[in-house]
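User: I am new to this structure and would like to know what stands behind the terms used for it. Please set each value against its definition as we go.

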Amino acid sequence: MRILVCVKRVPAPGARINLTADAQAIDTAHLGFTTSPHEECAVEAAVQLVEGHGGEATVLTLGPVEAEEQLRYAVSVGMTAAVLLPIDGADWDPQRTAAAITEVVRRLEAADGPFDLILFGNESADAGNFQVGIRVAHALGRPMVNGAKGIAISEGAVHVRREADAGQETYELPLPAAVGVKEGINLPRYPTMKGRLASKRVEVERMEPDAETGGLRMVRLQRPAERASTTVILGRGPDAAPAVVDLLDELGVLA
Amino acid sequence: MTILVVVEHDRGVLADASREALTAGRHLATTTATPLDALTIGAAADAMVAELGRFGVSTVHQAHHDVLADYGPEAWGAVVAAAVEQLSASVVVAAGTDRGNEVMAWAAARLDVPFAANCTVTTPGEEDEKMAVTRVRWGGSLLEEATLTGAVRLLTMAHHAVDAAPAEEPGRATAVSMTVELDDSVSHSIVRGRVERVAGVTLATAPVVVGGGRGVGSADGFAPLEELAGLLGGVVGCSRAVTNNGWRNHTDQVGQTGTRIAPTVYLACGISGAIQHWVGAMAAKNIVAINIDPEANMVSKAGYAVIGDLHAVVPAIATEIRRRRGT
Ligand SMILES: Cc1cc2nc3c(=O)[nH]c(=O)nc-3n(C[C@H](O)[C@H](O)[C@H](O)COP(=O)(O)OP(=O)(O)OC[C@H]3O[C@@H](n4cnc5c(N)ncnc54)[C@H](O)[C@@H]3O)c2cc1C
């Protein structure tokens, strides 16, 4: 089977997020970058499906040329091909991103045949627009559900399990289909030596994205107001236990 | 012009977050002197008219179709898109839940209109087809001010961004049945089966959460945390460093890509307090950080802290509780 996974490169901030002076972006001068966590799991899911059913798995991203790092990482853990849709500067809005990806998927499918399954992350870690995958699925006329915490393929359908308030729900979508994956569906593997070599050798295919701007436009970023806090130090080491238990008692959780 | 609120429910049970979306929709309707309409999907929701009236809805459009007996993202999205066209709605509001966001994304895709997910503030714009929103990024660690431009604007409200409040002068809503044509393809993604949750304390609802981070050191290292949680009628949570190491299941993860907790007390043991963890923990009413590093972010953000090795501190707390209980 043929699987496509769409991923996004995001910064990995730690204790706090700092913004650039014009508040248009996160100051990434001292930050590393990673693949958005849900998509890391989408990559792992694709690799497992190909291990079980045979076939090939392509990873695709729309992003700065530096996003080649995330594409090569995906190859190092088992993806077989990589496609970069390079853009300059700021993120594209979700409508534009989806339109560009749709158009590239059509080109890829015209060249090498249809993808049985297209995987996305449930939402990107940074922008969190919750819509790119669904817009692509709709444009391609494929069924899709988001939030997958379990995925299996049998008899021409993809079976999806996800968490809802009332419990677990299951869905069954005929292939070709698309699925949005959530972290927790699996535990992504680490690259092997062989994988690392493959990631160095893989030719990242570049395809110029082209799409019109949509109606959601970022004006500026803003850090939420921080809760002012002073920390009461209850003590040091195990000697602090009575003070902790006094506090638990006071807060009414001891009874 | 109509402001339409999409009402989320699970087989007839109104989702709490929908009351917040109704409240936000009413504020927009009031400031723009526009009537507030609501859309309920499937016959199971027909009994909600009175409740929606209390929230200031004047007309409830009740979409009916065989396919709508259970939830399906595409089917619901198709109904929202059809309602927008039939009612000439200009603004559509839903709850920023998993379902709310995916339904609105499907509707936006069908209509080819913009959609802003998880807004905290919405302001009707000076210009007709443009509104200003503030929306959540990074699961709440960052906000984005944005403009939403188009003849139809779709948005969801981030959970807890507004407090749900019935209208000051509750009205009486009128129910109108709406027939929708749905193509067969939308039935591909209807819920096929489910396993209902068993009652009991969950990470999201527990009154006490004992969280462990990389500082716990191993899967076995969680045993004292389990014991303490047990003594307090709580549950164990963890950081992503822990799930990535395979020490605990992802269902225990607190944070942006895990569970959001809101206990009375969160004991954060050996957790540094990265922003992605913090957004999942910040709704805790009280936080006690237990960390060897007095400079750790979790220590400076918590209301209380113990500086020390969790491997000594956590068992000492359990021992002290048992001593006081005489057990
Ligand atoms: C997009 C994205 C999403 C993410 N989502 C999440 C999420 O949902 N949840 C989440 O938790 N993380 C998430 N992360 C990861 C996050 O950035 C941190 O890497 C992670 O939370 C760190 O876990 P930690 O605090 O356990 O580990 P560390 O940061 O390594 O901290 C360990 C802490 O333990 C203390 N310590 C060590 N030994 C002891 C001891 N013996 N006694 C007491 N204290 C000790 C140390 O002083 C330190 O403060 C996400 C990251 C990204 C990029």
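User: What makes strand β8 of chain A and strand β9 of chain A count as paired, and do they run parallel or antiparallel?

Analyst: A word on the basis comes before the answer: this is a predicted model, in which local features need pLDDT of at least 70 and side-chain atom pairs count only at pLDDT 80 or more, while totals for chains, interfaces and linings use all residues. Residues are numbered from 1 along each chain as its sequence is written, chains are lettered from A and ligands numbered from 1 in the order in which they are written, and side-chain values use heavy atoms, with hydrogens and water left out. Strands are DSSP runs of E with at least two residues, helices are runs of H or I with at least four, and both are numbered from the N terminus. Two strands pair if DSSP finds at least two bridges between them; β8 (residues 157-164) and β9 (residues 167-174) of chain A are joined by eight bridges and run antiparallel, so by that rule they are paired. One of the bridges sets Val158(A) against Leu173(A) in β9(A), and a hairpin of two residues leads from β8(A) to β9(A).

User: Which strand of chain B pairs with β9(A)?

Analyst: Strand β12 (residues 193-196) of chain B does, in the antiparallel sense and over four bridges, with Thr170(A) standing opposite Gly193(B).

User: Which strands are called the edge strands of the open sheet of ten strands, and why?

Analyst: The sheet has the order β12(A)-β9(B)-β8(B)-β7(B)-β10(B)-β6(B)-β1(B)-β4(B)-β5(B)-β11(B), with mixed pairing. Its edge strands are β12 (216-222) of chain A and β11 (174-179) of chain B, as each of these pairs on one side only. Within the sheet, β1 (residues 2-6) and β6 (residues 89-96) of chain B pair in the parallel sense over four bridges, and Leu4(B) has Val92(B) as its bridge partner in β6(B).

User: Why is Glu44(A) called buried and Arg189(A) partly exposed?

Analyst: Buried means under 20% relative accessible area, exposed means over 50%, and partly exposed lies in between, with a 1.4 Å probe and protein chains only. Glu44(A) has a relative accessibility of 5% and therefore counts as buried, whereas Arg189(A), at 29%, counts as partly exposed.

User: How do you know that Glu44(A) and Arg189(A) form a salt bridge?

Analyst: A salt bridge is a side-chain nitrogen of Lys or Arg within 4 Å of a carboxyl oxygen of Asp or Glu, and the closest N and O atoms of Glu44(A) and Arg189(A) are 2.8 Å apart. Because Glu44(A) lies in helix α1 (residues 37-53) of chain A and Arg189(A) in the loop between β10 and α5 (193-201) of chain A, the pair ties together parts that are 145 residues apart in sequence. Over all chains, the structure holds 38 salt bridges.

User: How far apart are the N and O atoms in the salt bridge of Glu109(A) with Arg142(A), and why is Arg142(A) called buried?

Analyst: The closest N and O atoms of Glu109(A) and Arg142(A) are 2.8 Å apart. With a relative accessible area of 10%, Arg142(A) is buried, and Glu109(A), at 14%, counts as buried as well.

User: What makes Val179(A) stand out in the largest nonpolar core?

Analyst: A nonpolar core is a set of buried Ala, Val, Leu, Ile, Met, Phe, Trp, Tyr and Cys residues joined through side-chain atoms within 4.5 Å. The largest one has 101 residues, and Val179(A) is among those that touch the most other members, together with Met79(A), Leu117(A), Leu119(A) and Leu39(B). Helix α3(B) supplies the largest share of this core, ten residues. A second, separate core of 36 residues includes Leu234(A) and Leu231(B).

User: How many residues of each chain are in contact with the other, and how much area is buried between them?

Analyst: Contact means heavy atoms within 4.5 Å, and 87 residues of chain B are in contact with 81 residues of chain A. Buried area is the accessible area (1.4 Å probe) that two parts lose on being put together, summed over both; for these chains it is about 7,000 Å², 55% of it on carbon and sulfur atoms. The rule finds eight salt bridges across this interface, and Lys182(A) and Asp98(B) meet in a salt bridge at 3.0 Å, N to O.
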